[in-house]
Amino acid sequence: MAEVRGKLTRDIVIVGASVAGLHAARAAAKAAGGLSVMVIGKEVRPRYDRQPPPRTALTRPVDLDATTLRSLGRLRGEGVDLRLDARAVGLDPGRRELQLEGGTVSYGALVLACGCDPVVPALLTGRPKVITLRRRKDLLSLRAALADISVSVAVVGAGFGGGEVTSTLAGGGRTVSLIDVSPQPLGQFGSFVAESYLALHEEAGVAQYFGDGVVEVLEAGRSRLLRLSSGTLVPADLIVVDGGRRPATGWLASSGLTLRDGIVCDAELRAREGVFAAGDVARWFNPRYGTHMRGKHWANASEQGRLAGLNAARSVGGGITEICAAVPYVRSDQHGVRIQFAGFLSGDEWTLTQRTTDGSIVLYGREDELVGVLAFEHRALFVRLRAMLAGAVAWETAVELVGAAISTSQDKPRSPRLRRDPSRHGGETR
Ligand SMILES: Cc1cc2nc3c(=O)[nH]c(=O)nc-3n(C[C@H](O)[C@H](O)[C@H](O)COP(=O)(O)OP(=O)(O)OC[C@H]3O[C@@H](n4cnc5c(N)ncnc54)[C@H](O)[C@@H]3O)c2cc1C
């Protein structure tokens, strides 16, 4: 659309035209007051919004342009120089120069919001009708294939994203299978959450295979089967992969930035003087938890984009830069049930589980503090608990709040008391 040729100069340059990049552009343009802002994105057309992921767009011919992240016209109206179909290929932070395929841009401050690339298992790489749902064309080809209800779908990878796609495609008589090599879904949240997730998909008629990896692809004309390690054969005319994602930092290898599963940066999202990072690619020092972490969800990308854009503008135009002390958060709607998590788990938490007729709440605690909360429905209660997590929350306070909220609601608890499970949970949220 608007590639870059020759040598240009801009006050603020942003690499990435998706969630974090476009939020950064908006914030920088608002804060910049006369500074020039440029966005570089390698896609020809901007990505569709993924929050909520384009569930309706998968099954119905909705206008994808109506679901894009931002009105590009509005950004341009705010003076942002938007260059799509332009790829960043190198960075010299000492000279403050960004190399693009066709030219160079000198900057005052740079925001790196280049996200992640999907990781497709080698066995599935390069095969037709294997879709990762990263790009607009993935979504369009999936939608076209789904017009025929006899087309079977196998979703490989049962995280929040895989579960969402599965819930969108299930029903109406289509054969939909969910496959994951790990023995239980969302394992880091404990066995109750895994069981609830399994039950949701089972009720919807989804065939589920956990602890079973794909070992062979058997192609037979239009039909295809996957052989799993257990020997089970799964119909898979179409395969949707929601496996791992790798930070898109290959092009920064010789930049001198610290790269460790993402771009390492400080609490203000600064990777080095004049360079900020935001979104899925940023491994930032979160002062709320005193450790580095990487967000992998929309809410993180939008908030960090806004903050990195603001800090970049202030680092050039003057003003106090801000820290990012966000509580990790993810939301996922599956089969009509909203699943939300907020917090940060390190693997040694205990849990309290409260089930009611229309949902459940799981509290995660460590050293007499609440460190996380996961809810199936119970939206209002979740909002309160999530807000509390911005600061230190005594475990007993959270337990009392949940007890009071449940007993004053119309829900009839299935068990009269909160259950305490000393089970272990692990890892960063996915
Ligand atoms: C299938 C799927 C389902 C999801 N479901 C959910 C969900 O339910 N809830 C949730 O919270 N999150 C979900 N996510 C995650 C969410 O989409 C991401 O957290 C979010 O997109 C991250 O935004 P980002 O801007 O950091 O990176 P990305 O969206 O990955 O964007 C990166 C941008 O950088 C550009 N870029 C990269 N390299 C270069 C380069 N060298 N030169 C120029 N441009 C470059 C890309 O073209 C793109 O514009 C889902 C993701 C997927 C794939």
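This passage walks through a predicted model, starting with its ligand and moving on to helices, loops and a strand.

A few ground rules come first: the model is predicted, so local features need pLDDT of at least 70 and side-chain atom pairs count only at pLDDT 80 or more, while totals for chains, interfaces and linings use all residues. Residues are numbered from 1 along each chain as its sequence is written, and side-chain values use heavy atoms, with hydrogens and water left out.

The ligand has plenty of company. It is surrounded by 34 residues, where a residue counts as near if one of its heavy atoms lies within 4 Å of the molecule. The closest are S18, A20, E43, R134 and D280. Sorted by class, this shell holds 15 nonpolar, 8 polar and 11 charged residues. Here Ala, Val, Leu, Ile, Met, Phe, Trp, Tyr, Cys and Pro count as nonpolar, Asp, Glu, Lys and Arg as charged, and the others, Gly among them, as polar.

Both domain 1 (6–117 + 246–317) and domain 2 (120–241) chip in, each with at least three residues of the shell; the domain bounds come from an automatic or database domain assignment. As for helices and strands, α1 (19–32), β2 (37–41), α5 (160–169) and α7 (298–317) each bring at least two residues to the shell. These elements are DSSP runs, numbered from the N terminus, with helices (H or I) of at least four residues and strands (E) of at least two.

Zooming in on the atoms, several pairs fit the description of a polar contact, that is, N or O atoms within 3.5 Å; within protein, one must be able to donate a hydrogen and the other to accept it, and residues adjacent in sequence count only if both atoms are side-chain atoms. S18 places a polar side-chain atom 2.6 Å from an oxygen atom of the ligand. A20 uses its backbone instead, with an N or O atom 2.8 Å from a ligand oxygen. From K42, a backbone N or O atom sits 3.2 Å from a nitrogen atom of the ligand. Of the 1000 Å² of accessible area that the ligand has on its own, the protein covers 97%. Such areas come from the Shrake-Rupley method with a 1.4 Å probe, and for residues, only the protein chains shown count as cover.

Helix α5, one of the elements that supply the shell, is itself mostly covered, with 9 of its 10 residues buried. Buried means under 20% relative accessible area, exposed over 50%, and partly exposed in between (1.4 Å probe, protein chains only). Among the buried residues of α5 are F160, E164 and L169. Just after this helix, G171 takes a positive phi of about 95°.

Helix α8 (residues 379–388) has two sides to its story. L381, F382 and L385 are buried. Seen down the axis of α8, its buried residues fall within an arc of 100°, so they line one face of the helix; the arc is that of the directions from the helix axis to the C-beta atoms. A380, V383 and A387, on the other side of α8, are exposed.

Positive phi values also turn up in residues other than glycine. L186, in the loop between β10 (176–180) and α6 (191–203), has a phi of about 45° and is buried at 7% relative accessible area. H335, in the loop between β22 (329–334) and β23 (337–343), has a phi near 50° and is partly exposed at 25%.

Finally, some residues meet across the sequence. Q340 lies in strand β23 and is buried, with a relative accessible area of 7%. Its C-alpha atom is 5.3 Å from that of A375, 35 residues apart along the chain.
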